[in-house]
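Here are my notes for a colleague who has not seen this entry before. Please read them beside the model.

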Amino acid sequence: AYYLTKACDRWLSVRLEILGAVVASAASILAVFSTTGDFPLTSAVAGLSIYYAASTSGILSWCVRQFAALENAMNSVERVNYYSTTVPQESTESPVTPSDSWPASGSIEIENLSMRYREGLPLVLKGLQASIKGGSRVGIVGRTGCGKSSLMLSLLRLVEPEVNEKGVGPIKIDGVNTSHVPLSQLRSRIGIIPQNPTLFSGTIRSNLDPFNSYEDSVIWSAIEKCGLKAVIKSMEDGLDSKVAEYGENLSQGQRQLLCLGRVLLKDCKILLLDEATSSVDFETDEMIQKTLREAFTETTILTIAHRVNTIMDSDMILVLDKGVVSENGSPSELLGREDGEFKRIVDASHSQ
């Protein structure tokens, strides 16, 4: 797009220069002929007219470029207006206000979950059913496009799942329907470690505790659990050490561990891992898995698996296929099925 813009600019500049040359030539010829006659022009006026005629191309070019810049800027205004007036807003109605201790156990009941990304598109999740006990570790596997990430988005209501005719949603956490819970409370009670760790320009402290809700001792405890204490201690300012935009002054593994420390501070009862270890080395992967086993013993952990070996110690495996759960059970149970989908996925990963 930038190349096309510059090409059009050069195309216009050449023609405006030609037009300016024509105007300047005409002004020069007229100035010469106007020096004779009954009312001859003085040399000063003739020179001034030629000077202004020669500057015509620059003025025309400036006017056209300013108009084009204004038109481009108005596209931004048009988009802001479209998103603020046309795109449906997230629901703000909250008939249920859960207690401060919700969720207490982290149990999740999913009944007939259907979800599409926008009206008119086909369903991505098609009546998905699942029952997850509080404090259990659940691995979610399946081929690309089977609905793994869509399930995570539905749990957080980043995309609203479809509700029944009574306005009741398909997901319950500790018996509370998530469609009736305020979004701020729902999302603050669920921890997530994404595939690409998200850090902000600021300090170690502001990335771990953006709302200044915890004491330094609690923050250091979380840092120690995620294995970054030695690294942050070695920094000049400790917790107040600078973090560059997107965390570019930290390695990929350190960014992911810092995101893990952020979740440790929240002490949430439900943790979502969206292929959190797919972009880190095996050593960091082992450190993350060790922290998950030791620090989240009473937390319900849902893991979208990129490496099958990271979910082999899960309590339950959900195998998704075309938006539904095709298999579920313990890893040993699913591996015992000779024609099972999970066994085929494990065999394929071992053969690579």
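1. Start at the surface. Val14, Ile18 and Val22 make up a nonpolar patch there, with a joint accessible area of about 270 Å². Patch members have over 30% relative accessible area and no salt bridge, and nonpolar side chains (Val, Leu, Ile, Met, Phe, Trp, Tyr) are joined within 5 Å. A salt bridge is a side-chain nitrogen of Lys or Arg within 4 Å of a carboxyl oxygen of Asp or Glu. Areas are Shrake-Rupley values with a 1.4 Å probe, and for residues only the protein chains shown count as cover.

2. Val14 belongs to helix α1 (residues 2-33). Its relative accessible area is 45%, so Val14 is partly exposed; buried means under 20%, exposed over 50%, partly exposed in between.

3. A word on the source. This is a predicted model: local features need pLDDT of at least 70, side-chain atom pairs pLDDT 80 or more, while totals for chains, interfaces and linings use all residues. Numbering runs from 1 along each chain as its sequence is written, and side-chain values use heavy atoms, without hydrogens and water.

4. The chain has 12 helices and 12 strands, which are DSSP runs (H or I, at least four residues; E, at least two) numbered from the N terminus.

5. Now look at strand β10 (residues 300-304). Five of its five residues are buried. Thr300, Leu302 and Ile304 lie on one side, Ile301 and Thr303 on the other.

6. β10 runs parallel to β9 (residues 270-274), with five bridges. It also pairs in the parallel sense with β3 (residues 137-142), over four bridges. Pairing takes at least two DSSP bridges. Ile301 is the bridge partner of Leu271 and of Arg137.

Key: Buried < 20%, exposed > 50% of the residue type's maximum accessible area, 1.4 Å probe, protein only. Patch = residues over 30% accessible without salt bridge, like charges linked within 9 Å, V, L, I, M, F, W, Y side chains within 5 Å.
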